[in-house]
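Grab your viewer and work through these short exercises. Each one comes with a solution to check yourself against.

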Amino acid sequence: MTEEKVNVLIIGSGPAGYTAAIYAARAGLKPVLYQGGQPGGQLTITNDVENYPGYPDGINGPQMMVDFQKQAERFGTDVRFGLATKVDFSGYPHKVIIDDKHEISANAVIISTGASAKWLGLESEQRLNGMGVSACAVCDGFFYKGQDVVVVGAGDTAAEEATYLSNICNKVTMIVRRDEMRASKIMQRRVEKAKNIEILWNTETEEVLGKDEVEGVRVVNNVSGEKTEIKATGFFVAIGHKPNTEIFKDFLDLNEAGYIITKSGSTKTKVEGVFASGDAQDFIYRQAVTAAGTGCMAALDAERFLAEKEDELEEEEVAEKA
């Protein structure tokens, strides 16, 4: 096991991690950033991003993350490949193990590990991901304005996405596995009020149709066994997200879904000197721009924390000399 000491360690890339790196580097904190298992985060599987400020003509998701990385590196961020596999926040400085073989002691840690969308597990779903298959209606719904789309799911997320899409799409078909929805009553009422939303009960997706882009969906009724093909250009999977926070559960407070709980109005966790940003702690908005915002907050919180630590050390030195 090799060992290393760093000032600020950022775990994870994506808009949150890279923005934290930009701010931390500009503040002279010499951040080290490990990109994680999916360098660039979820935007690397997003073809077109049109709702991020500063890109009037839109931008390709992977290219956007390359731009973020270049900007972080320009100010001195040490960007590395590697995955955080274990942490120990029981003492100070904080310890993080990378790839089970490299131990880092960090004065401050910024967690930007994000969350991963849950998928149905279909080959066609993965093959057409970004070509009509999406896990975010707010991100990609605009591309299907006036078209027919399908939403899979029965919870609040699915109901919210279907309602959002109903305002811009011609027709929204919801695929629900059971004979009832799990969504809250108020969200169900919103779905029922939308005249262009149709719900297919007791129905499951068998295959997403199309060669190079989504052309439709084949579904099967799990009671009768009847199969139906639905014409659609967009297929939205809304069965939830899983935050990438498993390695932190023994040291940080997580909510029931696994998102890191931060103190109101900040990115501070229950452990002093550990901060959480982006989708690892945000289960409400989950947008690139909000992730970037919390990345900025995390860097500023870390800067203030380290300044206070430095003041404490100076006071102790003065007291010892006296």
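Contact here means heavy atoms within 4.5 Å. Keep in mind that the model is predicted.

**Exercise 1.** Work out what share of the contacts with a separation of 6 or more comes from residues 24 or more positions apart in the protein chain.

*Solution.* Start by keeping the contacts in the protein chain with a separation of 6 or more; residues 24 or more positions apart account for 60% of them.

**Exercise 2.** Describe the overall build of the protein chain: its helices and strands, its box, its burial and its exposed area.

*Solution.* Count elements to begin with: the protein chain has seven helices and 19 strands. Next, take the principal axes: the C-alpha atoms fill a box of roughly 85 × 40 × 35 Å. Then look at burial: of the 322 residues, 49% are buried. Finally, the surface: about 16,500 Å² is exposed, with carbon and sulfur atoms supplying 48% of it.

**Exercise 3.** How do helix α1 (residues 14–26) and helix α2 (residues 61–74) pack?

*Solution.* Get the geometry down: the axes of α1 and α2 are 8 Å apart, and the packing angle is about 20 degrees. Angles under 35 degrees count as roughly parallel, so α1 is roughly parallel to α2. For handedness, α1 passes α2 in a left-handed crossing. Now find who touches whom: α1 brings Gly14, Pro15, Tyr18, Thr19, Ala21 and Ile22, while α2 brings Met65, Phe68, Gln69, Gln71 and Ala72. Sort that contact by class and you get seven nonpolar residues, four polar ones and no charged ones.

Key. Residues numbered from 1 in each chain as written. Predicted model: local features only at pLDDT ≥ 70, side-chain atom pairs only at ≥ 80, totals over all residues. Heavy atoms only, no water. Axes fitted to C-alpha atoms, helices over the stretch in contact; angles between N-to-C directions. Helix = DSSP H or I, 4+ residues; strand = E, 2+ residues; numbered from the N terminus. Parallel < 35°, antiparallel > 145°, perpendicular 65-115°, else oblique. Left-handed = near helix turned anticlockwise from the far one by under 90°. Nonpolar A, V, L, I, M, F, W, Y, C, P; charged D, E, K, R; others polar. Buried < 20%, exposed > 50% of the residue type's maximum accessible area, 1.4 Å probe, protein only. Areas by Shrake-Rupley, 256 points an atom, 1.4 Å probe, with all protein chains shown as cover.
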